[in-house]
Amino acid sequence: MPEYRLHTPLSEVDVRQLHVGDAVWLDGVIFGVRDGNMIRVFDQHVAPPCDWRGAALLHTAPNVRKIGPGKYEPVSVGTTTSMRMDRFTEGLLRDHGVRAILGKGGLSPQSAELMQRYGAVYLSVTGGAAAMQTLQIEELEEVYWEDLMPECIWQFRFKGLGPMTVGIDTHGGNLQHEVQERAREKTAELLRKMGIT
């Protein structure tokens with residue numbers, strides 16, 4: 001399986017070279033997002049306070065410790081399920097130029113089509129690996145919209161976040177869909193062997 005180490009902000013060339021199943025590590029700024037701040041941007045029409053062109057967005061609501069006014073240190077930065085934020089994909093790619101969404105559990109086939117159209121990827125983060133991810137953080141640089149705590153926008157600087165697996169690529173590949181299809185085929189095969197149809 002090919003392996004890539006990329007630096008944010010990402011270019012369209014960076015992401016279009018990736019294919020489903022490739023391993024990716026990321027260096028640089030990655031923004032932590034979640035339902036609360038996505039709702040503010042898209043439903044309440046408040047412009048994000050940071051530039052997301054070429055950005056990688058991580059679905060998270062981290063456990064942090066306050067160390068001063070507007071300053072926090074990470075305690076545990078895990079990944080949350082992406083599907084409930086699926087409806088924001090088009091706006092993130094089309095209007096804000098996001099190049100990578102990081103999370104667990106995958107996104108819809110519609111989001112996969114949008115990633116192909118706009119030149120973006122979904123990177124699957126291993127669930128339950130918060131301890132390792134937290135150690136890969138160099139600095140929690142900024143926090144925006146603290147009133148949404150813990151669903152603020154977090155600006156992390158990572159060194160070698162990964163390995164992550166390309167779950168959706170720009171070529172129409174969708175790893176989660178492929179796995180679900182294989183599971184359905186296996187289930188049907190087992191039921192046939194058991195004489196259950």
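Hi everyone, this is a short talk about one buried leucine and one cavity in a predicted model.

Some housekeeping: residues are numbered from 1 along each chain as its sequence is written, and side-chain values use heavy atoms, with hydrogens and water left out. As the model is predicted, local features need pLDDT of at least 70 and side-chain atom pairs count only at pLDDT 80 or more, while totals for chains, interfaces and linings use all residues.

Let's start with Leu26, in strand 2 (residues 23-33); strands here are DSSP E runs of at least two residues, and helices are H or I runs of at least four, numbered from the N terminus. Is Leu26 buried or exposed? Leu26 is buried, at 0% relative accessible area, where buried means under 20% with a 1.4 Å probe, protein chains only. Beyond neighbours within four places in sequence, its contacts (heavy atoms within 4.5 Å) include Leu6, Leu10, Phe158, Leu161 and Met164.

Leu161 and Met164 also turn up in the lining of the largest cavity. A cavity is a set of points on a 1 Å grid over the protein atoms alone where a 1.4 Å probe fits but cannot get out, and lining residues have an atom within 4 Å of a point. There is one cavity of 30 Å³ or more, and the largest holds about 50 Å³, a volume being the space filled by probe spheres set on points joined across faces, edges and corners.

Which strand gives the most to that lining? Strand 9 does, with four residues. Helix 5 (130-135) and strand 9 (153-168) each supply at least two. Thanks, folks!

Notes. Buried means under 20% relative accessible area, exposed over 50%, partly exposed in between (1.4 Å probe, protein chains only). On a 1 Å grid over the protein atoms alone, a cavity is a set of points where a 1.4 Å probe fits but cannot get out, and a pocket is an open set with protein on both sides within 12 Å along at least five of seven lines; lining residues have an atom within 4 Å of a point.
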